[in-house]
Amino acid sequence: MHLTILPASTQTAQATIRAILNDKTQPATTVEAIYRNPSKVPDEFALNPRFRAVKGDIDDPSTLDLSDTDAVFVITPPTFDGADTFECARSTAENVKAAARKGGVKRVVYLSSIGAQCESGTGEILANHISETVLKDAAPEVVFIRCGYFMENWATALPTVKSENPFFYSTVTPLEYELPMIAVKDIGQSAASQLLGTGTPLPKSPYIYELHGPRPYTSRDVQKAYEKAAGKEVEAKPVEKEDLGPFFAQVMPGPLVQPFVEMTLSFLPGGVALENVSGEVPNVQRSKTELDEVIGELYRR
């Protein structure tokens, strides 16, 4: 089996590649990873004979050759250059769809997000909804993995947690509010399983499931995990809803501020991202990695 990762430089892409290469059930499986800049290939992959890096760009359909690919793992790349996030999502999804159909790809696995079922009101997550809409018939077998909040997102707190007076800001409020969270390595394992299962009948296509951690977590859980890692008290400072705009404006380009505000509000109490708009019982799969394990690893880096 030959699998392709597109694009291959993100954390989730690397976790997926690692899980495939470590899989013992299908040792003949090979991985092709598409990079804009192949110099970013980690040594652990480059030295593996089952891995091949190729130069390509999800934004440039002329560079996408999926003719030898059984299944492809697709990630919508982030945009930080002021480009229209949603138009870029649509364009890249169309590029992948065309390449998958031309190459005869059997299965497309797309990394999506909780809230992707919503047509509006989710800010940045709308890019996932757009991509799902385009990719739903990109191959005979299509899988959408709607992930919870990445546990690794809390890495942004490290500079202040490691300061003289340890603290971190949290946009997940109230601090006792529970939210589905997931470790990147568990996303990689789940995506790898879906890719390696190509050809095995799906319940339906597109097959959609939410991927959560072992249990929901709160900002208080993050606080406890950082206190455990640091061996001292760490203060959690909530960023209230009305302060989200000024807060994000300090750390990101202006055009991204409002989409990030809307996205954050969408998964807080009263938001639309966690609403069950279809009325069906959500298909939720749970992973094993606990939040304090991820926080501990982040702190020790």
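This is a short walk through a predicted model, from its central sheet to some of its rings and helices.

Let us begin with the sheet. It is open and built from 8 strands, which run in the order β3-β2-β1-β4-β5-β6-β10-β12 with parallel pairing. At the edges you will find β3 (51-55) and β12 (284-286), each of which pairs on one side only. If you look along the sheet, neighbouring strands are turned against each other by 25° on average, with direction ignored. Helix α4 (residues 126-135) packs on this sheet, where it touches β4 (71-74), β5 (107-113) and β6 (141-147). The direction of α4 makes about 160° with that of β5.

Now try following a few strands one by one. Strand β1 (residues 2-6) pairs with β2 in the parallel sense, over 4 bridges. One residue to look for here is H2, whose bridge partner in β2 is T30. Strand β2 itself, residues 30-35, is mostly covered, with 5 of its 6 residues buried. Towards the β12 edge, strand β10 (residues 207-212) and β12 also pair in the parallel sense, this time over 3 bridges. There, H212 stands opposite R286 in β12.

Strand β4 offers a good place to pause, at A71. Is A71 buried or exposed? Its relative accessible area is 0%, so A71 counts as buried. Leaving aside residues up to four places away in sequence, A71 touches H2, L3, T4, V105, R107, L195 and T198. Take V105 from that list: A71 and V105 are 34 residues apart in sequence, yet their C-alpha atoms are 5.7 Å apart in space.

Next come the aromatic rings. A pair of aromatic rings is described by the distance of the centres and the angle of the planes. The model has 11 aromatic pairs. In one of them, the rings of F45 and F51 have centres 5.6 Å apart and planes at 35°, so this pair is tilted. Both F45 and F51 are buried. Another pair joins W154 and F168: the centres are 5.9 Å apart and the planes meet at 85°, so these rings are edge-to-face. This second pair links distant parts of the chain, 14 residues apart, with W154 in the loop between β7 (149-150) and α5 (158-161) and F168 in strand β8 (residues 167-170). W154 counts as buried because its relative accessibility is 3%, and F168 is buried too, with a relative accessible area of 0%. W154 and F168 also belong to one aromatic cluster together with Y149, Y226 and F267.

Rings can have charged company as well. The charged end of K237 sits over the ring of F167, 4.1 Å from its centre. In the same way, the charged end of K162 sits over the ring of Y299, 4.8 Å from the ring centre.

Our last stop is helix α7 (residues 219-230). How far should its 12 residues span? At 1.5 Å a residue, the expected span is 16 Å, and the end C-alpha atoms are 16 Å apart, so the two agree. The buried residues of α7 are S219, D221, V222, Q223, A225, Y226 and A230. Among them is Y226, a member of the aromatic cluster described above. The cover over these buried residues includes α5, β8, β11 (235-238) and α10 (291-300).

Key:
Residues numbered from 1 in each chain as written. Predicted model: local features only at pLDDT ≥ 70, side-chain atom pairs only at ≥ 80, totals over all residues. Heavy atoms only, no water. Pairing = 2+ DSSP bridges. Helix = DSSP H or I, 4+ residues; strand = E, 2+ residues; numbered from the N terminus. Axes fitted to C-alpha atoms, helices over the stretch in contact; angles between N-to-C directions. Contact = heavy atoms within 4.5 Å. Phe/Tyr/Trp six-rings, centres within 6.5 Å; stacked < 30°, edge-to-face > 60°. Buried < 20%, exposed > 50% of the residue type's maximum accessible area, 1.4 Å probe, protein only. Lys NZ or Arg CZ within 6 Å of the ring centre and 35° of its normal. Expected span 1.5 Å × (residues − 1).
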